[in-house]
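Biologist: Got a minute to walk me through this model? I'd like to start with some helix packing and then jump around a bit.

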Amino acid sequence: MKNIKGALVPFSALKYLGKKPHTVRYPFEKKKTAERYRGFHFNEIEVCIGCGTCSTICQNEAIDMIKIEGVEPGRGDSGLRPRIDNGRCCWCGLCVDMCPTGSLSLTDQYLHTSPDPDSYLLIPGVDNPEMKENISFTKSDTEPLLQFDRVPMRELDGAERVKSFAEVVLGYMQEEARAEATRCVDCGLCVTACPDHMHIPEYIGAIAEADDAKALKYIYDNNPLPEMCGKVCTRQCETVCAIGHLGEPIAIRWLKRYATEQFPDPAAILNPKIAEPNGKKVGIVGGGPAGLSAGYYLALRGFDVNIYEALPRMGGMTFAGIPKYRFPLDSLDKQIDYMKKVGVKMHNNVRVGKDITFDKIRNDNDAVFIGIGFHVPYTLGLTGEDLENSIQAIDFLRRVNIGETVDVGKKVVVIGGGNVAIDAARVSRRLGAEVTILYRRRVEDMPADWEEIEGAEDEGVHIVPQGIPLEIIGENGKVKSIKYGMAEMVPDDKGGRPRPKLIEGDEHILEVDTVIGAIGQEADYSFLPKEIMDELKIERGRVVVNELKQTSIPDIFAGGDNVNRTMDAISAIADGVRAVEGISHYLLDE
Amino acid sequence: MSAILQEKETTLYLGPQHPGITGNMMIELKVTGDTIRKATTHVGYLHRGFEKLMEERLWMQCFPIVCRICVPEPDPNEENLARAIEELEGREVPERAKYIRVMMLELSRMATYLLWMGGQSGSAGLYTMPQWTVGDRDYIIDLFEELTGGRVYHMYIWPGGVRRDLPEGFEGRVRKVLDYLEQRLTDYDRLLFENAIFLRRAQGVGILDKDMAMEWGVVGPPLRGCGIAHDVRKDEPYEVYDQLDWEVITHEGSDVYSRAMVRRKEFEQSISIVRQVLDKMPSGPVHNPGPNPLKWRVPAGEAYVKTESARGEFGYYVVSDGSLKPRRVHVRGPAYVHGVSLLERMLVGANIADTSFIMNSLGTCPPEIER
């Protein structure tokens, strides 16, 4: 043997003889896994919203969304929860990184052996609640897969805004819209939250795919006033957005606005198919969102539609109530003109009950739709309310929107905390006044959109929260000042939100030129003949309808603010769309 | 042995389940006596159609697939896919992530070489060595587990950087493992690389001459074992390899022994590279996020990227048509050349007992042949 060294060195391994192996622990202990070990799943059932993003991203198709006991579908929750097939799972953890709520995680449990194939199906969090203590791999805050930040919307500067009624929000540019649309995970929770159940994931998907025309078609499928919604919708969809749980919800409203703004004439893109006339006539009282929506889709189905509107323009409260810096006239006209092209006949300046009787409309048509809205303001019930320059926000906004000159003087106080109050305040600012909002509760209790409140503050509107108006003081029949007292918040005995309670003696007086009341409105049914009023079921000022928007009188349908409690445009549109089904069903037996 | 036995041709089937085969594949041997006259490889036992699967997956969903293309060494696959996508998108990778990637790739090389040491010595009948190296490999696997959450399939290097930052105190634990492995090298040398039995079995066996290696497209340690200094890390540096101090290792001899010595030295070199990475690693973010994976479109185009894996140059050709899914992902791995074409050629005239020995020296990975 030439290589003696080579023959001997291997024997050095003998030094390990008798030593214990270093890969096994003595006495035996179960392996402790690393802190971010990717073992079996765990799901916080309460935090999970059943959006199904985990199931979508799973490349093994190991995740099914199933109905489980004890979780009911609701607002922003599909009622479904993931079930993992551990026979298919590869523990890549993409489901965890993609989970919009962070409810899904992986645990340190890594061993499961059973002859029963069903035991490999795991509903995390339900089948293994004890694993909550053993969570290891969780969503990362610093290396996110989803984008939680919204593409910011460009707006006019606060100081610039008050100089005119120019539109405040400038809208997304193409690149911005694409980027924002890309954030969506297509869960569809928004669809259930939208009163009109618009095809939100579909049109957002189309925008992300750079197909704006397709987006517009999806939008017009059940909303004929999308540009209006794109600007002023109360967007209940965004409140349930899956991305909104850990980040900012997708700007669904702005995306809709973007899609509609791309096309000056929707008809060119939509090229709607209008059915042959079916010989049935429908009269619509009130040209607001409800009436217009019903009219548009009825016209598409071949109905002969006439809309009667008291104001000089169509649009109802969206024309009369919403200030032009939020919803400009040309945008409204564009949508109305398109409806006219489809064949909806519109009659402006016709007040039903005065210029034409309701009975005539009813006799001339096979069905009638009532969408008159809430245009009569509640009064404050204060001394001095009847003074000159003590006005109502709804009347004030309507006069400004119609184009009348309204002199509010130098100092204005608006009473109320809803969107109407904020609108009145911001309009007054644009008319050159110093504006104070007096609201009985705290700012966070205001029913107005937070964006509106912020916008008002940016424009220099002063908000006095917990201020209760006590008396409007006049001089020579005109408003001179307003007396208000400060309130403290006390818990509500009935479990509602805290109530304001006047603090004795803490009273202030504010010099003002105009007081604007904005504490709510109601409907004016005076145009209805007595026999109809007797027959029509009305509860708390609202017409009672069935789910197809049919009233207690079979040929009379109703929708909008005078029916639903949400009192927003999208609910009115939804009513109109539903009423089309009801009217078709009633007249054509479809 | 009689003349009749010498001439009678016998067929032997090695695999698909055989400890000497580095995965599930079969070699059909026609032998006379104990000399191989013809070798035919049969693959397909592991075929899962990864390349085709990816055409039906979102870009992000490909990321848990590619690691399966080579079980013992998944990281170069992740690296290739990530880098190809980054090239198509023009996405920048944070500096820290680049360092972490190099650390992962080198640790993965070391883990693979440890497994190879076990296989190479095991196929020569030296059974203590696999016990040691597989056990020592577990220390690296433990590091992977701590860093990535997975022991074997890491799913860690992804487009835009890496998935998570280093845990608290991780660098110290890496250094500890490196120190341990460095000290173990002496043991490995004594037991295997200086072992007279190994030298007798390895020297002059499995000759692959320079010209043939070049002609057949051989890469990695088998090529460097022919004295040719070819290493992607040096030739076309990626990540931060050009900022680290290291040289391409070659060895003259063209036999199993020279290939073994290349790996042995590269193992030592990897320890040094990881230490440099730990010294130089800057702080900062580790991931440059991209779009929402569900709506992620990679710009249309094609990219060919390559990484020096433990088996050699490892390439990915990725084509995007601008849609949500890859149009084509083609994996160009060394295993097909080494484990099918070349092996069939090299086994002719070899001794039956050297079949696994030669196969191991080439670094074959059957799942990669059948990606």
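Modeller: Sure. In chain B, helix α13 (residues 334-347) and helix α14 (residues 355-362) pack at an angle of about 140°, and their axes are 10 Å apart. The axes are lines fitted to C-alpha atoms, for helices over the stretch in contact, and angles run from 0 to 180 degrees between N-to-C directions. That makes α13(B) oblique to α14(B); under 35 degrees counts as roughly parallel, over 145 as roughly antiparallel, 65 to 115 as roughly perpendicular and the rest as oblique.

Biologist: Before we go on, what kind of model is this, and how are things numbered?

Modeller: This is a predicted model: local features need pLDDT of at least 70, side-chain atom pairs count only at pLDDT 80 or more, and totals for chains, interfaces and linings use all residues. Residues are numbered from 1 along each chain as its sequence is written, while chains are lettered from A and ligands numbered from 1 in the order in which they are written. Helices (H or I, at least four residues) and strands (E, at least two) are DSSP runs, numbered from the N terminus.

Biologist: Back to that pair: which residues of α13(B) and α14(B) meet?

Modeller: From α13(B) you have His338(B), Gly339(B), Leu342(B), Leu343(B), Met346(B) and Leu347(B), and they meet Thr355(B), Ile358(B), Met359(B) and Leu362(B) in α14(B). Contact here is C-beta atoms, placed from the backbone, within 7 Å. By class, the contact of α13(B) with α14(B) has 7 nonpolar, 3 polar and no charged residues. Ala, Val, Leu, Ile, Met, Phe, Trp, Tyr, Cys and Pro count as nonpolar, Asp, Glu, Lys and Arg as charged, and the others, Gly among them, as polar.

Biologist: OK, chains next. How many residues of chain B are in contact with chain A?

Modeller: 31 residues of chain B, against 38 residues of chain A. Elements giving two or more residues to the chain B side are α3 (59-66), α6 (128-148), α7 (170-193) and α8 (196-202) of chain B. α6(B) gives the most, with 5 residues. That side of chain B divides into 13 nonpolar, 8 polar and 10 charged residues.

Biologist: Any sheets to look at? What's the strand order in the open sheet of chain A?

Modeller: The open sheet of 3 strands runs β16-β17-β18 (chain A), with antiparallel pairing. Strands pair if DSSP finds at least two bridges between them. β16 (467-475) and β18 (499-511) of chain A are the edge strands, each pairing on one side only. On average, neighbouring strands are turned by 20° against each other, direction ignored. Strand β17 (residues 478-490) of chain A pairs with β18(A) over 9 bridges, and Glu488(A) stands opposite Lys501(A) in β18(A).

Biologist: And Met314(A): buried or exposed?

Modeller: Met314(A) counts as buried because it has 26 C-beta neighbours inside 10 Å. The cut-offs are 20 or more other C-beta atoms within 10 Å for buried, 12 or fewer for exposed, and partly exposed in between. Met314(A) is in the loop between β8 (304-308) and α14 (317-320) of chain A.

Biologist: What does Met314(A) touch?

Modeller: Leaving out residues up to four places away in sequence, Met314(A) touches Gly287(A), Leu292(A), Glu309(A), Phe319(A), Ile336(A), Met346(A) and Asn348(A). The C-alpha atoms of Met314(A) and Asp333(A), 19 residues apart along the chain, are separated by 8.5 Å.

How values were computed: Contact = placed C-beta atoms within 7 Å.
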